[in-house]
Amino acid sequence: MPFSADHLAELNLLAQFESTSSQEGIKVHAHSAAPETVKAAENLFARGLISQKDGGYLTPLGAEAVDLTQKLQSILSS
């Protein structure tokens with residue numbers, strides 16, 4: 001099953017989080033971010049991967065997802 005456009009947007013948003021620090025979050029500004037990025041943040045929040053609807057911090061599950069996202073990106077880039 002291929003990744004949907006929504007999944008790709010979510011993966012791209014997860015890739016923006018710093019995996020080595022739980023003290024660094026991100027903010028998705030609805031007035032300036034692309035609509036797919038805003039929707040990705042909302043989806044990740046609904047799944048319990050980030051702490052706020054507009055970004056925030058990674059949850060423990062989100063930190064695991066970022067780690068896996070980075071591993072996949074590394075595999076595909078090599």
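The radius of gyration used here is taken over C-alpha atoms, and the globule rule is 2.2 Å times the number of residues to the power 0.38. Keep that at hand for the exercises below, which all concern a predicted model.

**Exercise 1. What radius of gyration does the protein chain have, and what would a compact globule with 78 residues have?**

Solution.
- Step 1: put the 78 residues into the rule, and a compact globule comes out near 12 Å.
- Step 2: look up the value for the protein chain, which is 12 Å, so the two agree.
- Step 3: for another view of the extent, box the C-alpha atoms along the principal axes; they fill roughly 35 × 30 × 20 Å.

**Exercise 2. Which pattern of helices and strands does the protein chain follow along the sequence?**

Solution.
- Step 1: take stock of the elements: there are 3 helices and 3 strands.
- Step 2: walk along the sequence and write each one down, which gives α-β-α-β-β-α.

**Exercise 3. In what order do the 3 strands lie in the sheet, and which strands stand at the edges?**

Solution.
- Step 1: follow the pairing, which is antiparallel; the sheet is open and its order is S1-S3-S2.
- Step 2: find the edges. Strand S1 (26-27) and strand S2 (50-52) each have a single partner strand, so one side of each lacks a neighbour in the sheet.
- Step 3: zoom in on one pair. S1 and strand S3 (residues 55-58) run antiparallel and are joined by 2 bridges. Here you can find Ile26 opposite Gly56 in S3.

**Exercise 4. Is Thr69 buried or exposed?**

Solution.
- Step 1: locate Thr69, which sits in helix H3 (residues 60-77).
- Step 2: compare its relative accessible area with the cut-off. Buried means under 20%, and Thr69 has 10%, so Thr69 is buried.
- Step 3: see what touches Thr69. Beyond the neighbours within four places in sequence, Thr69 is in contact with Leu11 and Leu14.
- Step 4: check one partner. Leu11 is 58 residues from Thr69 in sequence, yet their C-alpha atoms are 6.7 Å apart in space.
- Step 5: set this beside the whole chain, where buried residues make up 28% of the 78 residues. Of the contacts between residues at least 6 apart in sequence, 52% join residues at least 24 apart.

**Exercise 5. How far apart are the mean positions of the positive and negative charges?**

Solution.
- Step 1: count the charges of the protein chain: 5 positive and 9 negative.
- Step 2: take the mean position of each group; the two lie 5 Å apart.
- Step 3: turn to the accessible surface, which comes to about 5,300 Å², with 56% belonging to carbon and sulfur atoms.

Conventions
Residues numbered from 1 in each chain as written. Predicted model: local features only at pLDDT ≥ 70, side-chain atom pairs only at ≥ 80, totals over all residues. Heavy atoms only, no water. Helix = DSSP H or I, 4+ residues; strand = E, 2+ residues; numbered from the N terminus. Buried < 20%, exposed > 50% of the residue type's maximum accessible area, 1.4 Å probe, protein only. Contact = heavy atoms within 4.5 Å. Areas by Shrake-Rupley, 256 points an atom, 1.4 Å probe, with all protein chains shown as cover. Lys, Arg positive; Asp, Glu negative; His and termini not counted. Charge placed at Lys NZ, Arg CZ, Asp CG, Glu CD. Pairing = 2+ DSSP bridges.
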